[in-house]
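This report looks at how a few side chains fit together, beginning with the nonpolar interior and then turning to charged pairs. Please keep the structure in view while reading.

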Amino acid sequence: MSSSLVSGSGDNLILVGGEALYDLVLEGDEELRAHPGGGPFNAARTVARLGERVAYLGRLSTDRFGATLRRMLADDGVLLDAVVDTDDPTTLALAEVEQLERGDDDQRQPHQAGVREVHLVLGQLHRRGRNAVPPTSRT
């Protein structure tokens, strides 16, 4: 696997773009746990673990959370040449997991486990103080 987006080998490259964040999940009455995530972040790591050449395109903060996300991507073999560094804080998403009174809790899929999103804030790519992609207008 090459360590750069530019490769003379002619290998195909999968480019995964989007958010990398931390899900803060309230577990029980008082415990809050942070889980690295974001669909594109997870997808890039998974593709790399499957042995494919993949690069991540997204913003990563220079804060402690962002440094951990960057390390996790690199450890899995994801190319980071397309990462946009930012001093903005890493996005945090707050979720609450409700325990349902059913048997076989370990066999349920996440959508069946009573997950309820409370807040979700996603960052955007910026260019010279303006959004890189204009918001979609609704008519």
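## The nonpolar core

In this predicted model, the largest nonpolar core is made of 16 residues, and those with the most contacts inside it are A44, V54, Y56, L60, L73 and V78. Two or more residues of this core are given by each of the elements α1 (39-49), β4 (54-57) and α2. The largest share, 4 residues, comes from α1. As general background, nonpolar side chains in soluble globular proteins tend to be buried together.

One member of the core, V78, can be followed outward to its neighbours. Leaving aside residues up to four places away in sequence, V78 touches A44, R45, A48, V54, A55, Y56 and L73.

## D76 and its surroundings

Where along the chain is D76 found? D76 sits in the loop between α2 (64-75) and β6 (84-86). With a relative accessibility of 19%, D76 counts as buried, because buried here means under 20%.

When residues up to four places away in sequence are not counted, D76 touches R45, A48 and R49. The side chains of D76 and R49 are also joined by a polar contact of 3.3 Å.

## Salt bridges made by D76

As general background, side chains of opposite charge can pair when their charged atoms come close. By the rule used for this model, the count comes to 6 salt bridges, and one of them joins D76 to R45, with the closest N and O atoms 2.5 Å apart. Because D76 lies in the loop between α2 and β6 while R45 lies in helix α1, this pair ties together parts that are 31 residues apart in sequence. R45 is buried, with a relative accessible area of 14%, and D76 counts as buried at 19%.

D76 also forms a salt bridge with R49, where the closest N and O atoms are 3.3 Å apart. Here R49 lies in helix α1 and D76 in the loop between α2 and β6, so the pair ties together parts that are 27 residues apart in sequence. Is R49 buried or exposed? At 51% relative accessibility, R49 counts as exposed, because the cut-off for exposed is over 50%.

## A salt bridge within a helix, and a network

Another salt bridge joins R71 and D75, whose closest N and O atoms are 3.2 Å apart. These two residues are 4 residues apart in helix α2, which means that R71 and D75 are separated by about one helical turn. R71 is partly exposed, with a relative accessible area of 44%, whereas D75 is exposed, with a relative accessible area of 56%.

Which residues are joined into one network by salt bridges that share partners? They are R45, R49 and D76.

## A pair distant in sequence

A further example comes from strand β7 (residues 92-97), which is the place of L94. At 32% relative accessibility, L94 counts as partly exposed. The C-alpha atoms of L94 and L26 are separated by 7.8 Å, and these residues are 68 residues apart along the chain.

How values were computed: Residues numbered from 1 in each chain as written. Predicted model: local features only at pLDDT ≥ 70, side-chain atom pairs only at ≥ 80, totals over all residues. Heavy atoms only, no water. Buried < 20%, exposed > 50% of the residue type's maximum accessible area, 1.4 Å probe, protein only. Polar contact = N/O pair within 3.5 Å; in protein donor to acceptor, adjacent residues only side chain to side chain. Contact = heavy atoms within 4.5 Å. Core = buried A, V, L, I, M, F, W, Y, C linked by side-chain atoms within 4.5 Å. Salt bridge = Lys/Arg side-chain N within 4 Å of Asp/Glu carboxyl O.
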